[in-house]
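I opened this notebook to record, step by step, what I looked up in the structure shown below. My two topics were salt bridges and strand pairing.

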Amino acid sequence: MFALFTQTGVGTTVFESNGSILDDVTKATDGTKWMSLGYLPGADGTYGTADDDGYFYSHASLGTPLQNFTGEAWGALNIVFNGTGYDFTAINDPNESEIGDNVLGGVLTSLHLSSELEGNPGFLRGTSPWAFRSNDPAHLAPVPEPSTMILLGLGLAGFAAYSRKRMK
């Protein structure tokens with residue numbers, strides 16, 4: 001559902017939305033995909049059943065002309081491909097009660113996002129293939145690296161030893 005690329009090196013630019021989708025992604029990235037996000041099948045191993053991890057849905061008035069369009073979208077997706085070198089933990093989407101806890105069963109996912117959508121004026125002018133636009137954040141929950149946990153443990157042990165010595 002989502003493919004994330006790096007933006008480094010000479011020749012990469014700020015993302016534009018005025019060419020083909022492939023052209024816009026090519027100009028704005030170095031072509032290295034570092035993560036992809038999407039749905040994963042649940043415990044039954046089958047996509048499209050009630051126990052699937054993740055969802056994506058929106059509220060929008062589809063009868064509204066694109067120039068006046070506004071809407072909201074929510075998603076909770078899992079990491080399908082991870083080339084980041086980091087581990088990520090599951091997080092609970094605070095918006096999942098929108099669907100109902102009994103439907104999702106408190107499913108934990110790797111990413112949650114909420115987004116306000118609007119019509120893209122460039123699409124109406126014929127200068128962009130992107131009909132909608134949004135610039136809202138998504139939230140990933142990284143798992144702390146082992147070295148971070150070791151440093152924290154050593155700091156706490158040092159603090160305990162210092163406190164003990166001071167008490168004597």
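Entry on salt bridges. I searched the whole structure, and the search returned one salt bridge; I keep in mind that the model is predicted. I then looked up the partners, and found that the side chains of Glu118 and Arg133 meet in this contact, at 2.6 Å from N to O. Glu118 belongs to strand β7 and Arg133 to strand β8 (residues 132-133), so the pair ties together parts that are 15 residues apart in sequence.

Entry on accessibility. Are the two partners buried or exposed? I read a relative accessibility of 34% for Glu118, which counts as partly exposed, and a relative accessible area of 39% for Arg133, which is partly exposed as well.

Entry on strand pairing. Since Glu118 had led me to β7, I next looked up how this strand pairs, and noted that β7 (residues 111-119) runs antiparallel to β4, with eight bridges joining them. In this pairing I found Leu77 standing opposite Leu111 of β7.

Entry on β4. Which further strands did I find joined to β4? I noted strand β3 (residues 55-60), which pairs with β4 in the antiparallel sense over six bridges, and there I looked up Phe56, whose bridge partner in β4 is Gly75. I also noted strand β2 (residues 33-38), which runs antiparallel to β4 (residues 70-82) and is joined to this strand by four bridges; here the partner that I found in β4 for Leu37 is Ile79.

Technical notes
Residues numbered from 1 in each chain as written. Predicted model: local features only at pLDDT ≥ 70, side-chain atom pairs only at ≥ 80, totals over all residues. Heavy atoms only, no water. Pairing = 2+ DSSP bridges. Helix = DSSP H or I, 4+ residues; strand = E, 2+ residues; numbered from the N terminus. Salt bridge = Lys/Arg side-chain N within 4 Å of Asp/Glu carboxyl O. Buried < 20%, exposed > 50% of the residue type's maximum accessible area, 1.4 Å probe, protein only.
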